[in-house]
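Reader: I would like a close look at one part of this model, with the cut-offs stated wherever a term depends on them.

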Amino acid sequence: CGPVCQTPAKLQQMLWNSSSFGLFNGVKADEKEWFDLRGAVVREMRHLAAHWTLKGGALLVLNAQESSVQLVGMMSYPNFRFEADTGLRHPDINLLASVSEEAGVDLRVLVL
């Protein structure tokens, strides 16, 4: 991706984690676990923003090179079509916008 374009593996795993649960695939989490993870996502976004601001800024790309980030599937809909709870496993752009705003980061969406 390059020096100013980063794919934050930890944040991607927090959003989508195929071994347990992520913000977008929280069907295996109870309510407290999911809200705790939501808070952790906001904190991680703030941390990344502060880190990269000190280095002159960067573009953090989610859902790119997903196969290179362990336990993260492609965050699109539909995905993992062969699992019973497919309808509950999809990225929520409103949720991503909400946590981004709470973290104070600029969210841009590119639809291909």
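To what number of aromatic pairs does the count come by the ring rule? Please then take me along helix H2 (31-54) and what surrounds it.

Author: By the rule applied here, in which rings of Phe, Tyr and Trp (its six-membered ring) pair if their centres lie within 6.5 Å, with planes under 30 degrees apart counted as stacked, over 60 as edge-to-face and the rest as tilted, the count comes to one aromatic pair. It is formed by tryptophan 34 and phenylalanine 35, which meet edge-to-face with 4.9 Å from centre to centre and 90° between the planes.

Some conventions come before the rest. This is a predicted model, in which local features need pLDDT of at least 70 and side-chain atom pairs count only at pLDDT 80 or more, while totals for chains, interfaces and linings use all residues. Residues are numbered from 1 along each chain as its sequence is written, and side-chain values use heavy atoms, with hydrogens and water left out. The mean pLDDT (the predictor's confidence in each residue, from 0 to 100) is 79 for the protein, and 72% of its residues reach 70 or more. Confidence is lowest in strand S1 (residues 5-6), with a mean of 74, and highest in H3, with 94. Where pLDDT is low, the predicted coordinates should not be read in detail.

The protein has three helices and two strands, taken as DSSP runs numbered from the N terminus (helices H or I of at least four residues, strands E of at least two), and along the sequence they follow the pattern β-α-α-β-α. H2 contains 24 residues and spans 35 Å from its first C-alpha to its last, close to the 34 Å expected at 1.5 Å a residue, where the expected span is 1.5 Å times one less than the number of residues. Its N-terminal end is capped by aspartate 30, a side-chain oxygen of which lies 3.1 Å from the backbone nitrogen of lysine 32. After H2 comes glycine 56, with a positive phi near 100°.

Accessibility describes the faces of H2, with buried meaning under 20% relative accessible area, exposed over 50% and partly exposed in between (1.4 Å probe, protein chains only). Phenylalanine 35 counts as partly exposed because its relative accessibility is 46%, whereas the buried residues of H2 include Trp34, Leu37, Val41, Met45, Leu48 and Trp52. An α-helix has 3.6 residues a turn, so residues three or four places apart point the same way. The buried residues of H2 pack against S1, H1, strand S2 (59-60) and H3.

Much of this packing can be followed through a nonpolar core, that is, a set of buried Ala, Val, Leu, Ile, Met, Phe, Trp, Tyr and Cys residues joined through side-chain atoms within 4.5 Å. The largest nonpolar core has 20 residues, and Leu15, Leu23, Val41, Met45 and Val99 have the most contacts inside it. Helix H1 (9-15), H2 and helix H3 (93-103) each supply at least two residues of this core, and H2 gives the most, with eight residues. Contact here means heavy atoms within 4.5 Å; leaving out residues up to four places away in sequence, valine 41 touches Leu11, Met14, Leu15, Leu23 and Val99.

Two charged side chains of H2 also belong to its buried set. Glutamate 44 counts as buried because its relative accessibility is 10%, and its contacts, apart from neighbours within four places in sequence, are Lys10, Leu11 and Met14. Arginine 38 counts as buried because its relative accessibility is 15%, and, with residues up to four places away not counted, it touches Leu23, Leu95, Ser98, Val99 and Glu102. The side chains of arginine 38 and glutamate 102 are joined by a polar contact of 2.7 Å, a term for a pair of N or O atoms within 3.5 Å, of which, within protein, one must be able to donate a hydrogen and the other to accept it, and for which residues adjacent in sequence count only if both atoms are side-chain atoms. The C-alpha atoms of arginine 38 and leucine 23 lie 6.5 Å apart, although 15 residues separate them along the chain.

On the H3 side, serine 100 is buried because its relative accessible area is 2%, and, residues up to four places away aside, it touches Met45, Val105 and Leu107. Beyond the C-terminal end of H2, alanine 58 lies in the loop between H2 and S2, with its C-alpha 5.6 Å from that of cysteine 5, 53 residues away along the chain.
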